[in-house]
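Okay, thanks everyone for coming. I'll walk you through one chain today, so have a look at the screen and stop me whenever you like.

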Amino acid sequence: MAGADDSAEMISGPTGGNFMRIPIFVFFKDLRSVFKRDELGMEILRIAFPAALALAADPVASLIDTAFIGHLGAVEMAAVGVSIAIFNQASKVTIFPLVSITTSFVAEEETLKRMSEKLQQQEDDVAKPCNKAGNEITKAAKLDETSMIENLDKGSMTLAKDEAKLDERPNDELKTTSCKCVDEAPIVSTNKGKTKKNERRHIPSASTALILGGVLGLIQTLILIFLAKPLLSVMGVKSGSQMLAPALKYLIIRSLGAPAVLLSLAMQGVFRGFKDTKTPLYATVAGDLTNIILDPILIFACRLGVSGAAISHVLSQYLISLILLCKLMKQIDLMPPSLNDLQFSKFLKNGFLLLARVIAVTICVTLAASLAARLGATSMAAFQVCLQVWMTSSLLADGLAVAGQAILACAFAEKDYRKATAAAVRVLQMGFVLGLGLALFVGLGLEFGSGIFSKDKNVIRMIAIGIPFVAATQPINSLAFVFDGVNFGASDFAYSAYSMVVVSIASIGSLFVLFKIKGFVGIWFALTIYMFLRTFAGIWRMGTGTGPWRFLRSRRSSTSIV
């Protein structure tokens, strides 16, 4: 078929030959069209832009927390930095696998459901002529029967003639209509179609995600409250440290918001699966604005210090969860018809894989924060500022990852490998260009704006040391985040987990070695190596055409696209 050749050309490029058989060159496909406003480009932007804003909103709120707390002193800012690192680590370990799986599963279920409804609609359209013909036959027979009775009453016709007419008419009609369908069947299916529009959807993955999110949130709260001191000790905040008291207050209060954090993120995963990233954005902005308003009131006006910052953050998270829950209840039925509809086994099977991955991903950052804390309050305060900026700016690329995941999950469910390849390449190219822009913006921003976060000259001096690393790694970070979305959209959870474990082992080793040699600078060298290895793992999978990307290696695979 011609479609097979066209598919192969789309995937591998128009030049033919061996070039078409090397998957690595797919990354350079249509470089000039990276920001083309075609159908695919607009779909990516519609999903990515609100998602990026929503993802960046919470770290921005944390940056504002850091700015407010920084005016309390270097000790308080360093203490909050350690507590935030612990809380984020616990949250990522519990919720990140759930959110990633939920987005892919909901997108797949929605796609399969839409395909099923489309097929049913086509069957209904085919059945409508049969239904119409059957109704005409019935109507004609009833009219003839009525006419016969009236004529008998008037005495204008004989019974023999009426019987002959009644026998003749239906036979003629039946000769022109051959249909095996029953006329009532299309009516029933049509009514069902009308009813579905007025009913809330039942998405088993969504119900499962919310239940798991609530349970995991409660478990996280209990663990952080009862193990707060040991966890702080592991992070380098010992019993005699000045950071212990403020760090303990912040961590315990912040842990009370864990159920709200996990539930809100689980619901965001559901909305992402629907390709709706605007609703989470509105909810997140409302919550973070509340946090920003309450920060100065509780920290300074009420003189609660770091406790006030934690309280305002907790209240904002519960507001976000409430908004998302109200919106979600209007779209789906949260209560499943029975427990058998829940998909715990499916979630747990892939969840444990991503759990190992998340531990591997975040342990390097947590270890880096722990090593920075051992250098003292000044180094930890500077590291906290650099880390928040590093993660906040890089997370903007995660909006592209969300778009890629949602689009790829739908494309793979439909077996539309043309769109899957085009979407993956486009979001990766856009991510790299975004990273270049972020490098310039972050470098200049920190160079001239570091005084916003602290008035301590020593802290500002240490921030200046970290600026080159924070800025220069932005393109690499962006690609790493986007590759995560590409892998999750392809449901390549096993490779994501195993490759990240290998990356983490190598990165942990480099952290210890470089920390002993270079101290603060060594930590940032090790984090740069860590992000480079993450990006290389993504390039290797797709660039070698293995796993779900096997179709990139052969022109024959394109026949399944048609």
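**A walk through the helices**

Let me start with a single residue: Thr284 lies in helix α10, which covers residues 278-301. Just keep in mind that we're looking at a predicted model. Is Thr284 buried or exposed? Its relative accessibility is 5%, under the 20% cut-off, so Thr284 counts as buried. And what does Thr284 touch, if you skip its neighbours within four places in sequence? The contacts are Ala54, Ala57, Gln268 and Ile320.

Okay, zooming out to the whole chain. We have 19 helices and zero strands. There are 562 residues, and 52% of them count as buried. If you take the contacts with a separation of 6 or more, 85% are between residues 24 or more positions apart. As for the outside, the chain exposes about 26300 Å², with carbon and sulfur atoms supplying 65% of that.

Now, one of the contacts of Thr284 was Gln268, and that number falls within helix α9, residues 258-273. How does the span of α9 compare with what you'd expect from 1.5 Å a residue? With 16 residues it should span 22 Å, and the end C-alpha atoms are 23 Å apart, so that agrees. Of those 16 residues, 14 are buried, which means α9 is largely enclosed by the rest of the structure. After α9 comes Lys275, and its phi is positive, near 65°. Hold on to Lys275, please; I'll come back to that residue.

Next, the inside. The largest nonpolar core has 97 residues, and the members that touch the most others are Leu232, Phe383, Ile523 and Trp524. Which helix gives the most to this core? That's α3, residues 74-154, with 16 residues. There's also another core lying apart from that one, with 34 residues, including Val34, Leu400, Met430 and Phe483. If you click on Leu232 and again ignore neighbours within four places, you'll find contacts with Val82, Ser83 and Ile86 among others. The list for Leu232 also includes Val237, Leu244, Ala247, Leu248 and Leu251.

On to the charged pairs. Side chains of opposite charge can pair when their charged atoms come close. How many salt bridges does the count give here? Seven. I'll show you three of them.

In one, Lys419 and Glu43 meet through their side chains, at 3.3 Å from N to O. Lys419 sits in helix α15 (residues 417-449) and Glu43 in helix α2 (residues 39-70), so this pair ties together parts that are 376 residues apart in sequence. The two ends sit in different surroundings by accessibility class: Lys419 is partly exposed at 28%, while Glu43 is buried at 11%. And here's Lys275 again: Glu43, Lys275 and Lys419 are linked in a network of salt bridges.

Another pair is Glu414 with Arg114, where the closest N and O atoms are 3.1 Å apart. Glu414 is in the loop between α14 (398-413) and α15, and Arg114 is in α3, so here parts 300 residues apart get tied together. Both count as partly exposed, with Glu414 at 33% relative accessibility and Arg114 at 43%.

Then there's Arg357 with Asp484, with closest N and O atoms 2.4 Å apart. This one links distant parts of the chain too: Arg357 is in helix α12 and Asp484 in helix α17 (residues 474-489), 127 residues apart. Where do these two fall on accessibility? Arg357 is buried, at 2%, and Asp484 is buried as well, at 10%.

Last stop, the surface. Please turn the model until you can see Ile211, Val215, Ile219, Leu222, Ile223, Phe226, Leu227, Phe344, Leu348 and Phe352. Together they form a nonpolar patch with about 950 Å² of accessible area. Which elements give two or more residues to the patch? Those are α6 (204-226) and α12 (344-373). The largest share, six residues, comes from α6. An α-helix has 3.6 residues a turn, so residues three or four places apart point the same way. Phe226 is one of the patch members and is found in α6. With a relative accessible area of 66%, over the 50% cut-off, Phe226 is exposed.

That's my tour. Questions?

Notes. Residues numbered from 1 in each chain as written. Predicted model: local features only at pLDDT ≥ 70, side-chain atom pairs only at ≥ 80, totals over all residues. Heavy atoms only, no water. Patch = residues over 30% accessible without salt bridge, like charges linked within 9 Å, V, L, I, M, F, W, Y side chains within 5 Å. Areas by Shrake-Rupley, 256 points an atom, 1.4 Å probe, with all protein chains shown as cover. Salt bridge = Lys/Arg side-chain N within 4 Å of Asp/Glu carboxyl O. Helix = DSSP H or I, 4+ residues; strand = E, 2+ residues; numbered from the N terminus. Buried < 20%, exposed > 50% of the residue type's maximum accessible area, 1.4 Å probe, protein only. Expected span 1.5 Å × (residues − 1). Contact = heavy atoms within 4.5 Å. Core = buried A, V, L, I, M, F, W, Y, C linked by side-chain atoms within 4.5 Å.
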